[in-house]
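I opened this notebook to record what I looked up in the structure, beginning with the fold and ending with the nonpolar cores.

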Amino acid sequence: MKRVNFLYTFSVLACLLTPAVAQAESSVALLEQQQTIAGKPIALSDQTRTHLVFLDIWTSYAGEGAETFVAQLPASFRQSTQQIWIQPEFNVTRAQLQEFQSYYPQVAPLVLDHQQALLKQFGFWQTPAHVLIEHGKVVFSGGNDALLAYLNPAAKAEAPRSGMQKPTPGKRSGRQRNLKV
């Protein structure tokens with residue numbers, strides 16, 4: 001009976017995971033078709049890990065942006081990854097992104113995610129969010145706390161705070177923004 005249960009569970013998991021793997025591969029292909037706001041094509045490196053950072057520029061102006069979080073990640077991680085910053089096309093224009101990049105030059109290359117195609121393809125509904133790609137395959141996707149836990153599995157993940165206080169019930173912290181698509 002245990003063997004039958006195992007085989008059933010294994011076959012169900014295989015059916016469930018196959019679309020996720022295919023979706024992750026098609027997500028990487030979709031990413032490679034994008035261009036930066038400077039008009040340059042996105043080129044993923046086979047030599048380094050690629051770190052996609054989905055951000056909301058308006059939280060950056062408020063001092064709570066994804067660039068603050070990324071700057072607090074271990075230097076060894078930042079130096080060994082190729083960061084690609086992705087702004088979903090939600091309440092933002094190309095001109096606003098170009099102005100933003102003049103204030104935040106470290107947020108480069110910057111991609112405008114038309115119709116939130118990448119955000120949806122990677123299964124996100126809010127920012128900030130992170131995806132790690134190695135050799136063309138997605139090895140991680142999640143929010144700030146999940147990325148910290150992935151990078152340091154031995155320690156309990158506590159997201160770095162950039163001077164932010166713990167949110168009070170009923171008050172939105174601004175750290176993550178739900179996007180209605």
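Before counting elements I fixed my terms: helices are DSSP runs of H or I with at least four residues, and strands are runs of E with at least two, numbered from the N terminus. The model is predicted, and on these terms I find 7 helices and 7 strands in the protein chain. Reading along the sequence, I noted the pattern α-β-α-α-α-β-α-β-α-β-β-β-α-β.

Next I looked at burial and surface. Of the 181 residues in the protein chain, 36% are buried, and the accessible surface comes to about 10,700 Å², with 56% of that belonging to carbon and sulfur atoms. I then turned to contacts between residues at least 6 apart in sequence, and found that 69% of them join residues at least 24 apart.

Which residues touch the most other members of the largest nonpolar core? This core has 21 residues, and I listed Leu55, Leu73, Trp85, Leu97, Phe100, Val107 and Leu110 as those touching the most other members. The elements giving two or more residues to this core are α3 (66–71), α5 (94–103), β3 (110–113) and α7 (144–151), and α3 gives the most, with 3 residues.

I followed Phe100 further: leaving aside residues up to four places away in sequence, this phenylalanine touches Leu55, Ile57, Ser60, Tyr61, Val107 and Leu110. I also recorded a second, separate core of 16 residues, which includes Val28, Leu118, Phe124 and Val131. As a general note to myself, nonpolar side chains in soluble globular proteins tend to be buried together.

Definitions and conventions
Residues are numbered from 1 along each chain as its sequence is written. This is a predicted model: local features need pLDDT of at least 70, side-chain atom pairs count only at pLDDT 80 or more; totals for chains, interfaces and linings use all residues. Side-chain values use heavy atoms; hydrogens and water are left out. Buried means under 20% relative accessible area, exposed over 50%, partly exposed in between (1.4 Å probe, protein chains only). Contact means heavy atoms within 4.5 Å. Accessible areas come from the Shrake-Rupley method with a 1.4 Å probe; for residues, only the protein chains shown count as cover. A nonpolar core is a set of buried Ala, Val, Leu, Ile, Met, Phe, Trp, Tyr and Cys residues joined through side-chain atoms within 4.5 Å.
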